[in-house]
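Welcome! Take a moment to look over the molecule below, and then we can walk through it together, starting from the outside.

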Amino acid sequence: MKLATRINSILPTVNGDITSALRKVSEIEGITCVDLNYPEHFSTYSISEVKETLKEANLEVNGLALRFRSHFINGELGNNDKGIAEDAFALCKEAADACRDLGGKVITLWLGFDGFDYPFQVDYQKAWNQVKEYVTALADYAPDLQISIEYKPYQERSYALIDSIGLTLLMVSEVNRENVGVTVDYCHMLMKRENPAYGLSLAADKGKLYGVHLNDGYGTHDDGLMVGTVSLMQTLEFMYYLKKYDYNGAIYFDTFPIREEPLAEIRQNVKAINKINSLVDELGLENIQEIISKNDAIAANELFFQCLK
Ligand SMILES: [Mn+2]
């Protein structure tokens, strides 16, 4: 398993210094790579300085995630103001160049501001088509990178334009480029009341699963709780499908240790994923598939008891 973690969990403990945060990440056994936010994590140090620190820390860059800030508050690629949408696209291209430079392979696009809050506020088809055109253009700009759409149903907006696995796969299908796929975030799926394993399997079955953000929560908010702490059986099912489809990208812990010591919290995530991974192995992929084939709730519940042994 290729494990990555959220740098912003550590930043407050090192006065926001990205190089110190990366050195701290390297102390955590099991974490081999990082996802960095663009441009956020490159405000103090240049790309080559960050690259040097990563080398010293023996960390790989999985990819870069776009972070659109206040300029884009009314929309990013789908912004009704074409000038602002162009700015968003320029930032995407910059991120792709930086990602390549750092040896990463995934550009994660979370369009948190492309959405709406009021009826009649947005021309849905115009926004959808505009996002589609820019994602297509980005895919063509960086054909050597994976362009991965991370969806979230709401927050920052009341409604996101791309809010679910269904709409993300529709966008991926309409864009119709080899290198455009999906990043699933476990908490975001719970917020949409998707069963995480189902959504994951839809993307993976199409060869479009490019990223996995793991965490836990209660479904209403993006709680970002530690892995497996709330919905263990659903996480176990999620892991089963990751293994079934032989997912070999990074699993990124997208958790928010607000009151917890961040390194200890990340270590708990590593511990949890290793335990869940070994539980799936102990139950056996074939055995689990056999139970699924029976379509029998009682037999499925026996897996829970086998885990408690
Ligand atoms: Mn996420």
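## The surface and what it exposes

Accessible areas here come from the Shrake-Rupley method with a 1.4 Å probe. By that reckoning, the protein, which is a predicted model, exposes about 14400 Å². Carbon and sulfur atoms supply 50% of that exposed area.

Charges are worth a look too. The protein has 29 positive and 45 negative charges, and the mean positions of these two groups are 1 Å apart.

## Overall build

How many helices and strands does the protein have? Its secondary structure comes to 11 helices and 10 strands. Along the principal axes, the C-alpha trace spans about 60 × 45 × 35 Å. A compact globule with 309 residues would have a radius of gyration near 19 Å, and the protein agrees with this, having 19 Å.

Turning to the inside, buried residues account for 55% of the 309 residues. Contacts reach far along the chain as well: among those between residues at least 6 apart in sequence, 77% join residues at least 24 apart.

## The manganese site

Which residues coordinate the manganese ion? They are Glu150 (OE), Asp185 (OD), His213 (ND1) and Asp254 (OD), at 2.1 to 2.3 Å. In sequence, these donor residues follow the spacing E-x34-D-x27-H-x40-D. Two of them, His213 and Asp254, link distant parts of the chain, 41 residues apart. His213 sits in strand β9 (residues 209-214), whereas Asp254 lies in the loop between β10 (250-253) and α9 (262-283).

Are His213 and Asp254 buried or exposed? A residue counts as buried when its relative accessible area is under 20%. His213 has a relative accessible area of 7%, so this residue is buried. Asp254 counts as buried too, because its relative accessibility is 10%.

## A helix tucked inside

Now for helix α7, which covers residues 196-205. Why can this helix be called largely enclosed by the rest of the structure? The reason is that 7 of its 10 residues are buried. Those buried residues are Pro196, Ala197, Gly199, Leu200, Ser201, Ala203 and Ala204.

What covers the buried residues of α7? The cover includes the helices α5 (165-175), α6 (186-191) and α8 (232-244), together with the strands β8 (180-185) and β9. Strand β9 is already familiar as the home of His213. After α7 comes Gly207, whose phi is positive, near 70°.

Note on methods
Residues are numbered from 1 along each chain as its sequence is written. This is a predicted model: local features need pLDDT of at least 70, side-chain atom pairs count only at pLDDT 80 or more; totals for chains, interfaces and linings use all residues. Side-chain values use heavy atoms; hydrogens and water are left out. Donors are N, O and S atoms within 2.8 Å of the metal (3.2 Å for Na, K and Ca); water is not among the atoms, so sites may look incomplete. Helices (H or I, at least four residues) and strands (E, at least two) are DSSP runs, numbered from the N terminus. Buried means under 20% relative accessible area, exposed over 50%, partly exposed in between (1.4 Å probe, protein chains only). The radius of gyration is taken over C-alpha atoms; the globule rule is 2.2 Å times the number of residues to the power 0.38. Contact means heavy atoms within 4.5 Å. Lys and Arg count as positive and Asp and Glu as negative; His and the chain ends are not counted. The place of a charge is taken as NZ of Lys, CZ of Arg, CG of Asp or CD of Glu.
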